[in-house]
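Me: I should like to examine this model through a series of questions and short answers. Please begin with the terms and conventions that apply.

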Amino acid sequence: MATIKCRCGSVCIDFPANKELFRHECCCHDCISALWYATKRGGPKYPGNLCADCCWLPNDFRVVTGEDKLGAFLNHESADTTRFYCKTCWTVLFGDHPFYEKRILVSQVAAYKEFEGLTNVVRMEPQARHFLKNLDEEQIAALPPWPGDPSNVYQGAAENLLEHFPTMKAAGGEGTAMNAQILLDKVGGAFVPTDEARLSTGPPSLMRQTAVQATA
Ligand SMILES: [Zn+2]
Ligand SMILES: [Zn+2]
């Protein structure tokens, strides 16, 4: 039973999964700027090395505690990723995207180093590191060494992640009692911060870049 907790301990969410569906590291502008924004609002420190540890889980969970503390935000008006967070401590808990087809979710709570947000789950080795093209040379040089196969470091979207999506979706699930869509409704939808230009500037989102890649 994978468990996600926020820094302040208000929110605890259980997933019916003993192991993650996939693991990779994301350097994309969307993820990093969202985590940066949450840190700015008082949340735990975002990964200073600019790659976020991503744990993929089914879209099926139980909010054990803190449902009233949950909120959701989009980086900007036309952003694709809905990110759920704790309104008390600004921990970003997990994200949803239309491309996940209500079957899977991605949590970057394990990217936070100041507390253990992800427990009770067997983790695999990171399978890819992607979107290096969103970083400058200095930022790339500052990344921790990639321990795996160098061919799994991608400038754009990780091919092995995209290849695994159908398998991940099949192994995931759409919770009937609770899932990201039900939760979004319960929290009254996602808000769009208007106080930080960094959220709406920068390169196109991951999936848009992927779409461009696919048609190139
Ligand atoms: Zn919290
Ligand atoms: Zn990302």
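Reply: A residue is called buried under 20% relative accessible area, exposed over 50% and partly exposed in between, with a 1.4 Å probe and protein chains only. This is a predicted model, in which local features need pLDDT of at least 70 and side-chain atom pairs count only at pLDDT 80 or more, whereas totals for chains, interfaces and linings use all residues. Residues are numbered from 1 along each chain as its sequence is written, chains are lettered from A and ligands numbered from 1 in the order written, and side-chain values use heavy atoms, without hydrogens or water.

Me: Which residues are the protein donors of the zinc ion (ligand 1)?
Reply: Donors are N, O and S atoms within 2.8 Å of the metal (3.2 Å for Na, K and Ca), and sites may look incomplete because water is not among the atoms. For the zinc ion (ligand 1), the donor atoms lie 2.3 to 2.4 Å away, and each is an SG atom. They belong to Cys-6, Cys-8, Cys-86 and Cys-89.

Me: What is the arrangement of the four donor atoms around the zinc ion (ligand 1)?
Reply: Four donors qualify as tetrahedral if all angles lie between 85 and 135 degrees. Here the angles subtended are 103 to 115°, so the arrangement is tetrahedral.

Me: How many residues apart in sequence are the parts that Cys-8 and Cys-89 tie together?
Reply: The spacing of the donors of the zinc ion (ligand 1) is C-x1-C-x77-C-x2-C. Strands (E, at least two residues) and helices (H or I, at least four) are DSSP runs numbered from the N terminus. Cys-8 is in the loop between strand S1 (2-5) and strand S2 (12-15), and Cys-89 in the loop between strand S7 (82-86) and strand S8 (92-96). The pair therefore ties together parts whose separation in sequence, in residues, is 81.

Me: Are Cys-8 and Cys-89 buried or partly exposed?
Reply: Cys-89 has 5% relative accessibility and therefore counts as buried. Cys-8 has 37%, so its class is partly exposed.

Me: What is the sequence spacing of the donor residues of the zinc ion (ligand 2)?
Reply: The SG atoms of Cys-26, Cys-28 and Cys-31 coordinate the zinc ion (ligand 2) at 2.1 to 2.3 Å. Of these residues, Cys-28 and Cys-31 are both buried. The donor spacing is C-x1-C-x2-C.

Me: Which element supplies the largest share of the largest nonpolar core?
Reply: A nonpolar core joins buried Ala, Val, Leu, Ile, Met, Phe, Trp, Tyr and Cys residues through side-chain atoms within 4.5 Å. The largest one holds 48 residues, and Phe-15, Phe-61 and Phe-94 touch the most other members. Elements that each supply at least two residues include S1, S2, helix H1 (29-40) and strand S4 (52-58). The largest share, six residues, comes from H1.

Me: What separates the C-alpha atoms of Phe-22 and His-164?
Reply: Phe-22 is in the loop between S2 and strand S3 (23-26), and its 2% relative accessibility makes it buried. Phe-22 and His-164 are 142 residues apart along the chain, yet the separation of their C-alpha atoms is 8.2 Å.

Me: What is the phi of Phe-131?
Reply: Most residues other than glycine have a negative phi. Phe-131, in the loop between strand S11 (129-130) and helix H2 (137-141), is buried because its relative accessibility is 0%. Its phi is positive, with a value near 65°.

Me: Where is Lys-102 found?
Reply: Lys-102 is not a glycine, but has a positive phi of about 60°. Its relative accessibility is 43%, so it counts as partly exposed. Lys-102 is found in the loop between S8 and strand S9 (104-107).

Note on methods: Four donors count as tetrahedral if all angles lie between 85 and 135 degrees; four count as square planar and six as octahedral if opposite donors are over 155 degrees apart and all others between 65 and 115; anything else is irregular.
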